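Please open the model in your viewer and keep the sequence panel beside it, since this tour moves from one selection to the next.

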Amino acid sequence: MSGSITVGGKTLASHDNGTGLITLAHDIISSPSNYGFAQLKLTSVKPDSTDKITWDTILGDTTNITKPNNNHVIRLGIAGIYFITGSFTYRDDASERATFFNLRQGTGQATDAYLAQASDSITYTENNDTYAGGTLTYVGNFAANTDIYFNAVSYNGDSKEISSETHATIVLLRRTA
């Protein structure tokens, strides 16, 4: 005899007596506010002097993952466990330097917490543009309305540019409240 466990009209698991297998349902989340994602993108090159990266577009869940002040701050509206990744590309045409791409929690104060960092080094090749790049990842539990941002730093910030290929992804893995 086969059967299933159903709660509120949703099947959570089913049992097949013929095989003895119990199958858990994969689609039991019914509210779109329980999950979401956003892709943060640049549409143009940003000078190194901007430090805090202001994303030009957010694609995806723009009700939970927002730019509340139209600046560098990204707000995570729903309390939950998030997976955050960022991929950076720097371009330089003048000198050698170390470059850093950071994920921070806060709004832009010197005391804001560092959550993740990626780094690379640009070595200048005469008469050629040179590039550096890397990827950072972070998984963490955030309270509702937590502010985060990405920033870029180099030791000699006179000519490095943040390339438009730089992007980030934020995924709400699990709602916690």
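What you have open is a predicted model, and a good place to begin is its largest nonpolar core, which has 30 residues, among which I148, F150 and I170 touch the most other members. To see where this core draws its residues from, colour the elements that give two or more residues to it, namely strand 4 (36-41), strand 8 (74-76), strand 9 (80-92), strand 10, strand 11, strand 12 (130-142), strand 13 and strand 15 (167-175).

Next, select I170 and display what surrounds it: leaving aside neighbours within four places in sequence, I170 is in contact with G36, F37, A38, L40, I65, I74, L76, Y82, F83, I84 and I148.

Now move to strand 10, residues 97-105, where eight of the nine residues are buried, so that this strand is largely enclosed by the rest of the structure. Which strands pair with strand 10? Strand 11 (residues 113-122) runs antiparallel to strand 10 and is joined to it by nine bridges, and if you select R104 you will find Y114 of strand 11 standing opposite. Strand 13 (residues 146-154) also pairs with strand 10 in the antiparallel sense, over seven bridges, and here F100 stands opposite V153.

Finally, zoom out to the whole protein chain, which contains 15 strands and zero helices, and in which buried residues make up 36% of the 177 residues. Among contacts between residues at least 6 apart in sequence, 64% join residues at least 24 apart. If you turn on the surface, the accessible area of the protein chain comes to about 9500 Å², with 50% belonging to carbon and sulfur atoms.

Methods: Residues are numbered from 1 along each chain as its sequence is written. This is a predicted model: local features need pLDDT of at least 70, side-chain atom pairs count only at pLDDT 80 or more; totals for chains, interfaces and linings use all residues. Side-chain values use heavy atoms; hydrogens and water are left out. Buried means under 20% relative accessible area, exposed over 50%, partly exposed in between (1.4 Å probe, protein chains only). Helices (H or I, at least four residues) and strands (E, at least two) are DSSP runs, numbered from the N terminus. Two strands pair if DSSP finds at least two bridges between them. A nonpolar core is a set of buried Ala, Val, Leu, Ile, Met, Phe, Trp, Tyr and Cys residues joined through side-chain atoms within 4.5 Å. Contact means heavy atoms within 4.5 Å. Accessible areas come from the Shrake-Rupley method with a 1.4 Å probe; for residues, only the protein chains shown count as cover.
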